[in-house]
Amino acid sequence: MTVEVALAVMASARVEYLTVCDGDDESTGLVTRLRLAVLRDSSAYTDRIRLRDILDAPLPSPGGRSGGAGEYGRIPGIPALAS
């Protein structure tokens, strides 16, 4: 998924973070709306940058859930998207 598509999804869902998943539906990290907006406005931005290229940090492992993380390490209320 590209930065523009992610920003549109986040705006319509009214969320600040997205959980990014791989093709096996495993969570691979989080991305914030602020980080995407800053990237989009930078000189380094191209329309070919994908979310998997700019992940903030990996999610906790399912065995070490904290902060309300649910099944597969997802946080309720945060849409999960395949990268």
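The following exchange asks on what grounds the features of this predicted model are named.

Reader: What makes a feature eligible for description in this model?

Author: The model is predicted, so local features need pLDDT of at least 70 and side-chain atom pairs count only at pLDDT 80 or more, while totals for chains, interfaces and linings use all residues. Residues are numbered from 1 along each chain as its sequence is written, and side-chain values use heavy atoms, with hydrogens and water left out.

Reader: How do you know which parts of the protein chain have the lowest and the highest mean pLDDT?

Author: pLDDT is the predictor's confidence in each residue, from 0 to 100. The protein chain has a mean of 73, and 66% of its residues reach 70 or more. Among its elements, helix 1 has the highest mean pLDDT (92) and strand 3, residues 80–82, the lowest (54). Over residues 57–74 the pLDDT is below 50, although this stretch has 28 contacts in the model beyond near neighbours in sequence; a contact here means heavy atoms within 4.5 Å. Where pLDDT is low, the predicted coordinates should not be read in detail.

Reader: What makes the pattern of the protein chain α-β-β-α-β?

Author: Helices (H or I, at least four residues) and strands (E, at least two) are DSSP runs, numbered from the N terminus. The protein chain has 2 helices and 3 strands, and reading them along the sequence gives α-β-β-α-β.

Reader: Why is Ala6 called buried?

Author: Buried means under 20% relative accessible area, exposed over 50%, and partly exposed in between, with a 1.4 Å probe and protein chains only. Ala6, which lies in helix 1, has 0% relative accessibility and therefore counts as buried. Leaving aside residues up to four places away in sequence, Ala6 touches Met1, Leu18, Leu36 and Leu51. Across the protein chain, buried residues make up 31% of the 83 residues.

Reader: What puts the buried residues of helix 1 on the same side?

Author: The buried residues of helix 1 are Val3, Ala6, Leu7 and Met10. They cover an arc of only 100 degrees around the axis, and they therefore lie on the same side of helix 1; the arc is that of the directions from the helix axis to the C-beta atoms. The cover over these residues includes strand 1, strand 2 (27–32) and helix 2.

Reader: Why is a set of residues called a nonpolar core, and which elements supply the largest one?

Author: A nonpolar core is a set of buried Ala, Val, Leu, Ile, Met, Phe, Trp, Tyr and Cys residues joined through side-chain atoms within 4.5 Å. The largest such core has 15 residues, and those with the most contacts inside it are Val3, Val31, Leu36, Leu51 and Ile54. Helix 1 (3–13), strand 1 (17–21) and helix 2 (33–40) each supply at least two residues of this core, and helix 1 gives the most, with 4 residues. Val3 touches Leu36, Leu39, Arg40, Tyr45, Ile49 and Ile54, not counting residues up to four places away in sequence. In soluble globular proteins, nonpolar side chains tend to be buried together.

Reader: How do you know that Glu16 and Arg33 meet in a salt bridge?

Author: A salt bridge is a side-chain nitrogen of Lys or Arg within 4 Å of a carboxyl oxygen of Asp or Glu, and the side chains of Glu16 and Arg33 meet at 3.4 Å, N to O; the pair therefore satisfies the definition. The pair links distant parts of the chain, with Glu16 in the loop between helix 1 and strand 1 and Arg33 in helix 2, 17 residues apart. Glu16 has a relative accessible area of 46% and is therefore partly exposed, and Arg33, at 25%, is also partly exposed.

Reader: What makes Asp41 exposed and Arg40 partly exposed?

Author: Asp41 has 61% relative accessibility and so counts as exposed, while Arg40 has 33% and so counts as partly exposed. Their side chains also meet in a salt bridge, at 3.8 Å, N to O, and a search of the whole structure finds 2 salt bridges.

Reader: Why is Arg14 called exposed, and what is its phi?

Author: Arg14 lies in the loop between helix 1 and strand 1, and its relative accessible area is 75%, so Arg14 is exposed. Its phi is positive, about 55 degrees, although Arg14 is not a glycine. Most residues other than glycine have a negative phi.
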